[in-house]
Amino acid sequence: MLLEGDKPREACGVLGIYAPGLDVARLAYFGLYALQHRGQESAGIAVGDGKRITCHKGMGLVSEVFTEEILRQLKGKVAIGHVRYSTTGESSVENAQPLVFHYRDGMISLGHNGNLTNYAELRKRLAAEGVVFQTTSDSELIVSILARSSQSDPVEGILRTMGEIKGAYSLVIMTENRLYGIRDPHGVRPLCLGRLDRGYVIASESAALDTIGAEMIRDVEPGEVVVIDESGITSLRCHYPSPRSLCVFEFVYFARPDSVIDGLNVQRARTALGRQLAREYPLNADLVIPVPDSGTSAALAYAAERGLPFCEGLMKNRYVGRTFIRPTQEMRDLGVRLKLNPIREVLAGKRVIMLDDSIVRGTTSRKIVQMIRDAGAREVHMLVSSPPILYPCYYGIDTSRRGELIAARHDLAEIRELIGADSLNYLSIDGLLAAMAPLSPESFCSACFSGRYPIDVSGIG
Ligand code: SF4
């Protein structure tokens with residue numbers, strides 16, 4: 001049982017460290033710790049010592065997969081790390097990353113955040129050419145194509161591979177003594193570059209850089225390949241110019257509020273979402289409460305803009321992760337209760353505005369609304385700081401299949417009825433994109449709201 005409610009689930013977080021003389025495995029461990037929210041199914045770290053690559057990975061949280069003893073054995077000057085929630089491929093240790101392969105010129109390791117949209121076609125083609133796969137993940141295809149590249153210069157091989165793979169990918173790749181950071185030509189998933197006293201870091205989010213004391217240099221640009229080795233940083237661009245399509249959901253829900261993506265701080269964006277919501281739906285009530293934690297910044301901004309009291313009306317148990325202990329039938333509804341508990345003293349007799357960042361299947365919203373009513377609230381008005389999710393994501397986020405999306409099957413009045421709220425309102429798409437200023441609306445993917453997919457998805461089986 002996953003106790004994440006029915007939120008979209010992030011696919012992965014990646015991290016790379018090049019720092020001869022430092023404990024790269026330990027730095028990777030703490031960097032991954034900061035990226036844990038991006039994937040909780042498996043974690044792994046691979047380390048290169050100049051001669052070979054050693055890797056440890058397993059199912060579970062970073063803190064469950066690694067021990068002091070394991071970290072001590074991972075010695076080297078370059079490391080990559082990965083946390084995963086599976087979007088293609090099964091949830092099994094074979095699909096855990098980093099993936100490590102032997103190829104013509106030595107060893108190579110890869111960590112991938114995103115999803116290839118031409119996976120089926122590529123796999124069929126490679127299988128016909130006799131390639132045997134160890135995993136069912138699309139990430140292995142990238143290594144296969146890369147390893148088969150006839151280029152003697154690895155960077156040329158990477159650039160050619162980028163010409164064959166389509167979709168969303170932020171990659172960290174490592175050989176025994178070199179680190180590469182690669183972002184797809186649309187820049188769908190984030191990737192940034194930082195500096196340590198004696199080395200460099202590449203990470204999905206800048207919060208990971210802060211955590212290990214690295215200073216942010218800049219974002220890796222869409223279509224860019226960053227190479228880090230003993231001669232420093234080299235940057236190359238692929239020759240497949242594409243419109244920038246950064247995932248807007250990173251700002252709505254996935255990324256940490258303390259991260260900065262393509263120059264925009266996530267907390268600032270969420271605050272702007274709350275203000276925009278107040279402009280679109282200026283409701284009156286006794287208080288505003290967030291669904292913690294991802295609804296908090298927008299709820300605070302909404303309350304401030306409307307001059308209403310902001311209160312914590314739901315207490316979150318921060319120590320609930322995943323549990324494989326199945327509840328009995330009578331305990332089915334406990335899932336949400338284990339994670340959130342209403343504060344009766346705050347809610348009793350009140351007209352409550354409850355603000356959440358998104359609704360996927362609606363099952364959790366229904367339970368939370370009921371919980372707030374059971375705690376004595378007189379009215380429950382639900383506001384959502386993103387538009388209705390109408391379409392699935394094919395770029396590395398598990399938003400569920402279309403048939404499971406409540407907004408794809410019901411209109412606003414029906415959803416309100418189903419979740420049991422007195423009123424329900426979602427932010428408009430224009431409002432969402434306007435809140436991303438100074439980044440322009442054209443620079444985002446918002447396909448799960450609009451159905452306008454920036455990268456062809458017709459090849460997805
Ligand atoms: S479809 Fe939605 S979740 Fe997927 S990349 Fe685009 S904005 Fe992000």
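**Group meeting: a predicted two-domain chain**

Leaving aside neighbours within four places in sequence, N284 is in contact with R306 and R351. I begin with this residue, in what is a predicted model, and will return to the chain as a whole shortly. N284 sits in the loop between α9 (266-280) and β18. With a relative accessibility of 54%, N284 counts as exposed, because the threshold for that class is over 50%. One distance is worth noting here: N284 and H239 are 45 residues apart along the chain, and their C-alpha atoms are separated by 53 Å.

Let me now turn to the overall architecture. The chain contains 17 helices and 25 strands. An automatic or database assignment divides the chain into domain 1, residues 13-242, and domain 2, made of residues 266-320 and 330-437. Eight residues from domain 1 and five residues from domain 2 take part in the contact between them. The domain centres, taken over C-alpha atoms, are 35 Å apart.

As to dimensions, the C-alpha trace spans about 70 × 45 × 45 Å along its principal axes. The radius of gyration is 22 Å, which agrees with the value near 23 Å for a compact globule of 461 residues. Buried residues account for 56% of the 461 residues. If we take contacts between residues at least 6 apart in sequence, 70% of them join residues at least 24 apart.

On the surface, the chain exposes about 18,400 Å², and carbon and sulfur atoms supply 50% of that area. There are 52 positive and 54 negative side chains, and the centres of these two sets lie 2 Å apart.

I move next to a helix in domain 1. How many of the 11 residues of helix α5 are buried? The count is nine, so that helix α5, residues 138-148, is mostly covered, buried being defined as under 20% relative accessible area. The buried residues of α5 are D138, S139, E140, L141, I142, V143, S144, I145 and L146. The elements that cover them include β6, β7 (106-116), α4 (119-128), α6 and β8.

Two of those covering elements can be followed to individual residues. In α6, residues 154-164, we find T161. T161 is buried, at a relative accessible area of 3%. Not counting residues up to four places away in sequence, T161 touches I142, I145 and L146, and I142, I145 and L146 are among the buried residues of α5. A general point applies to this pattern: an α-helix has 3.6 residues a turn, so residues three or four places apart point the same way.

The other element is strand β8, residues 167-174, which holds S170. S170 is buried, with a relative accessible area of 0%. Beyond residues up to four places away in sequence, S170 touches V14, G111, H112, N113, I182, R183, R189, P190 and L191. By contrast with those contacts, the C-alpha atoms of S170 and T211, 41 residues apart along the chain, are separated by 20 Å.

I now come to the backbone geometry. As background, most residues other than glycine have a negative phi, and most peptide bonds are trans. Against that background, a cis peptide bond joins Q97 and P98, with omega at about 5 degrees. P98 is located in the loop between β5 (78-84) and β6 (99-103). Another cis peptide bond joins P292 and D293, and its omega is about 0 degrees. D293 belongs to the loop between β18 (287-290) and α10 (296-306). In this second case the aspartate D293 follows the proline P292 across the cis bond, whereas in the first case the proline P98 follows Q97.

Which sign does phi take at D262? The sign is positive, at about 45 degrees, although D262 is not a glycine. D262 lies in the loop between β16 (260-261) and β17 (264-265). D262 is buried, at a relative accessible area of 11%.

My last residue is I429, in helix α16, residues 429-434. With a relative accessible area of 23%, I429 is partly exposed. I429 touches P387, F449 and S450, not counting residues up to four places away in sequence. The C-alpha atoms of I429 and P388, which are 41 residues apart along the chain, are separated by 8.9 Å.

To close, I return to the two domains: their centres are 35 Å apart, and the contact takes eight residues from domain 1 and five residues from domain 2.

How values were computed:
Residues are numbered from 1 along each chain as its sequence is written. This is a predicted model: local features need pLDDT of at least 70, side-chain atom pairs count only at pLDDT 80 or more; totals for chains, interfaces and linings use all residues. Side-chain values use heavy atoms; hydrogens and water are left out. Helices (H or I, at least four residues) and strands (E, at least two) are DSSP runs, numbered from the N terminus. The radius of gyration is taken over C-alpha atoms; the globule rule is 2.2 Å times the number of residues to the power 0.38. Buried means under 20% relative accessible area, exposed over 50%, partly exposed in between (1.4 Å probe, protein chains only). Contact means heavy atoms within 4.5 Å. Accessible areas come from the Shrake-Rupley method with a 1.4 Å probe; for residues, only the protein chains shown count as cover. Lys and Arg count as positive and Asp and Glu as negative; His and the chain ends are not counted. The place of a charge is taken as NZ of Lys, CZ of Arg, CG of Asp or CD of Glu.
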